[in-house]
Amino acid sequence: MEKNRESGVVMETKVREILDRYPEGRTENLIPVLQDIQETDGYLSEESVLEVSRHLKMPASKIYGVATFYNQFRFAPLGKYHVQICCGTACHVLGASTVLEEIEKNIGVKSGETTKDGLFSMEVVACIGACGLAPVISINGNFHAKVTGESIKEILDNYRNQE
Amino acid sequence: MNSQYNSSVKDFLIDEVLRDFTNNSKDPHLLEQISVLRNEKISEPVIYVGAGTCGLGAGAAKTLKSVRKYIEEKDIKARVIETGCIGLCAVEPIMDVQIPGYNRVSFQNVTEDKVDEVLDAVFQLEVPEKFVLGQFDQSDTRKWDGVRFLKDHPFFAPQKRLVLKNCGIIDPVDIKEYIARGGYKSYIKAINVHSPSDICDIIEKSGLRGRGGGGFPTGLKWKFANREESDQKYLICNADEGDPGAFMDRAVIEGDPHRLIEGMAIGAYAIGATKAYIYIRAEYPLAIERLESAIEEAREYGLVGEDIFGTGVDFDIRIKKGAGAFVCGEETALMHSIEGKRGMPRPRPPFPTTRGLFGKPSVINNVETFANVSEILLNGADWFASTGTEKSKGTKVFALSGKIALTGLVEIPMGTTVREVIFDIAGGILNNRKFKAVQIGGPSGGCITEENLDIQIDYDSLINVGAMMGSGGLVVMDEDTCMVDVAKFFMGFIQRESCGKCIPCREGTKRLLEILESITSKPDAANTEALDRFKGVMQIEKLSQVIKDTSLCGLGQTAPNPVLSTHKLFRDEYEAHLYDRQCPAGVCQNLKVYKIDVDKCTGCTVCIRKCPVDAIIGSKKSPHFIVEDKCIGCGACYEACKFDAIEVV
Ligand SMILES: Cc1cc2nc3c(=O)[nH]c(=O)nc-3n(C[C@H](O)[C@H](O)[C@H](O)COP(=O)(O)O)c2cc1C
Ligand code: SF4
Ligand code: SF4
Ligand code: SF4
Ligand code: FES
């Protein structure tokens, strides 16, 4: 409890900094503000949404309405390694579903979830624009091309071993 | 010193190249300076590495590191330039080497461990055959003997590159090189000598049509907005590139961002807009970074900002990051998203040219559409219209992916046949398998089969065969691809991405998906659902028609296309799933039946432990048995068995 409150305080100052970059408080800034917060925190916490609500003078329900519409926004913290697996057309045709199954089995969570130890989180995305190298996954922004059910094990182990 | 050099180059480019837009000077001193900026005349070696998203995915970052280490260790004075993607994703990382006095030469598959080998050879004036792609065709430098020109490579020879002209060749974040190659001349000329309506006329006459899918004549759209009276108008670039399997907009932005900015600047002038937005997907961080830096450079050169080159023209440009919703590629949804709202489409009319962003007249065009504009103004409408078919002028960029030998980006004249693209340019099907179909137009499009491979690609002929241009993603499928599975994939995508505003789109696509799921799911023992399956398939066409006729936006109106197209062209595959409960391509997992061969099974029990649903019974050292009703067809046992005792039937 104590700890939570403390991290809440830290978070709020960061959120303030972001909000200060958008002094006008216009609706138009809602999505960029949420994107900036997610970039720093990795997700949208309840406190930060409330803070945005006060700043933009917009009901929190409305903010959730917008945020949930878009695939980009997350409401739970990310793992240390965020695995994005592309399930676009090109990747699908070249076997992305096998890779997806293997990842789910390997780290034990499904899309949108984070492992209990906080090491991995996973997210299915639709095309990251490297279709020529399908199937593609990206871990913390680093691309891995032409992955297979086999090679993915090695890739994930490499990240595990960095611990 | 460097900044001093830069500012004198800047003065030179602004005063003697851009301001002098009408004069094609033959002054040798000036020409020499330009060829230096174009990196044609060099005094020290230059090493280029293709570092677009695809190149980086293939390991270009590590290649770059090796290159830098190499020149440092050998104490070679050389420049290293990161370029965008030249289009041959299949053979990345691509590295070019240019040494003074010689033509630039391009190498493929240069992973980090190959860098030394290639560089050692080139610095000893040898070209390692194993890696060479081809040499550039330069006029003043020496040719490498026995090395073909890059432009004669079968992948490049049939292409005509206007939009991709600089991609993979120039330094994308160096405005000097872009200007030295003729960039921003069209813009400065436009705002000095042409009226906005002149520009609309030229673009209309060129026959340029929107490259974002709809194919609406660009000049006409600009005219509509030009005629509106308003205190504020907006120009928007649609860089949402939502079709999973299309990546040409990303490549243009990463490889030649100034081309987009220039096209937009001209468009803004033509319609009388002073503010512009680029709506770009957040999934493209590198493209966003390069755009930001290019806009900053253009601002420093006075090409973006107020009173551009003293003409009184203002032009400002902002980047808006998308937040991952396919429907936001639709123009009205996109504008709602910029306004900070849920990205839901609205009925048209009013069209955006009358009431668009923030209620003001707005023009929205695709990245590739804008990327054509400067070239048209530079060379004239007739020149542009001389390429292509009667109703589709110019070129089109296609993103090739799937089961094809050379994946990548190609730009071809409209009217090229699908067969030429797949078999001549891209080298045919991967691993010499048999071609089955090519999906074109993404979630709104359809398939082209062997029978129609010789149609000429243009907006109208694709519609005639039940496909559509879309944004230009070509996903190639071979005999191992299941077409019912492909249809199901697209329906699943549409289902997730439908904004939910209209019932036919939201619920209708769900029913379509359920029908496809029912015929690809595991047969139940009693076969009670058989009737539902039959009924479902019989309703596909009727249901699709209702969705098409009654949906509000393009997403719903085209959503059934992938199902209709595969259902029409691959009826036998649908029937095999429906009647025989089999997937001929062996893709649909649930239709696979796993059996244990009692003669081969040693009773090692490995499979029991692997089965996620306890579908295998048997005791140690005696043959095991799979309970078909319980088995979900995951294949885990099949992979685990070391005695080849498990077979798929
Ligand atoms: C569901 C849907 C998604 C779309 N996605 C895109 C897209 O990602 N990129 C794009 O340029 N146009 C897209 N469009 C087309 C745009 O609505 C619009 O017609 C286009 O941006 C106009 O530009 P153009 O005339 O230059 O093609 C989409 C349309 C629909 C209905
Ligand atoms: S057709 Fe579909 S995506 Fe388009 S407005 Fe209707 S529900 Fe939304
Ligand atoms: S793994 Fe193979 S050999 Fe072992 S029990 Fe299973 S089927 Fe028999
Ligand atoms: S295929 Fe999967 S579910 Fe079926 S028996 Fe084998 S392991 Fe079990
Ligand atoms: S489909 Fe996977 S990167 Fe495009």
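How many residues of chain A are in contact with how many residues of chain B? In this predicted model, the count is 34 on the chain A side and 49 on the chain B side. Putting the two chains together buries about 3200 Å² between them, and carbon and sulfur atoms give 58% of that area. If you want to find this interface from the chain A side, look for A:Glu28, A:Phe69 and A:Thr89: they lose the most area to chain B, and together they make up 20% of what the chain A side buries.

Now let's move along chain B. This chain is divided into five pieces: domain 1 covers 38-152, domain 2 covers 181-385, domain 3 covers 395-481, domain 4 covers 484-580 and domain 5 covers 592-648. Take domains 2 and 3 of chain B as a pair. Their C-alpha centres lie 27 Å apart, and 16 residues of domain 2 are in contact with 20 residues of domain 3. Between them, these two domains of chain B bury about 1400 Å², with 59% of it on carbon and sulfur atoms.

Next up is ligand 1. It has 18 residues around it, and the ones that come nearest are B:Gly212, B:Asn238, B:Asn365, B:Asn366 and B:Thr369. What kinds of residues make up this shell? By class, 9 are polar, 6 are charged and 3 are nonpolar. Strand E9 (362-366) and helix H21 (554-558) of chain B each supply at least two residues of the shell, and E9 gives the largest share, 3 residues.

You can also zoom in on single atoms here. The side chain of B:Thr369 has an N or O atom 2.7 Å from an oxygen atom of ligand 1. For B:Asn238, a polar side-chain atom lies 3.0 Å from an oxygen atom of the ligand. B:Glu241 uses its backbone instead: one of its backbone N or O atoms lies 3.1 Å from a ligand 1 oxygen atom. How much of ligand 1 does the protein bury? Taken alone, ligand 1 exposes 610 Å², and the protein buries 87% of that.

Last stop: ligand 2, which is surrounded by 13 residues. The closest of them are B:Cys499, B:Lys501, B:Cys502, B:Cys505 and B:Cys553. How does this shell divide by class? Here you get 8 nonpolar residues, 4 polar ones and 1 charged one. Set that beside the shell around ligand 1, with its 3 nonpolar, 9 polar and 6 charged residues.

Note on methods. Residues numbered from 1 in each chain as written. Chains lettered and ligands numbered in written order. Predicted model: local features only at pLDDT ≥ 70, side-chain atom pairs only at ≥ 80, totals over all residues. Heavy atoms only, no water. Near = heavy atom within 4 Å. Polar contact = N/O pair within 3.5 Å; in protein donor to acceptor, adjacent residues only side chain to side chain. Areas by Shrake-Rupley, 256 points an atom, 1.4 Å probe, with all protein chains shown as cover. Helix = DSSP H or I, 4+ residues; strand = E, 2+ residues; numbered from the N terminus. Nonpolar A, V, L, I, M, F, W, Y, C, P; charged D, E, K, R; others polar. Domains from an automatic or database assignment. Contact = heavy atoms within 4.5 Å. Buried area = accessible area lost by both parts, 1.4 Å probe.
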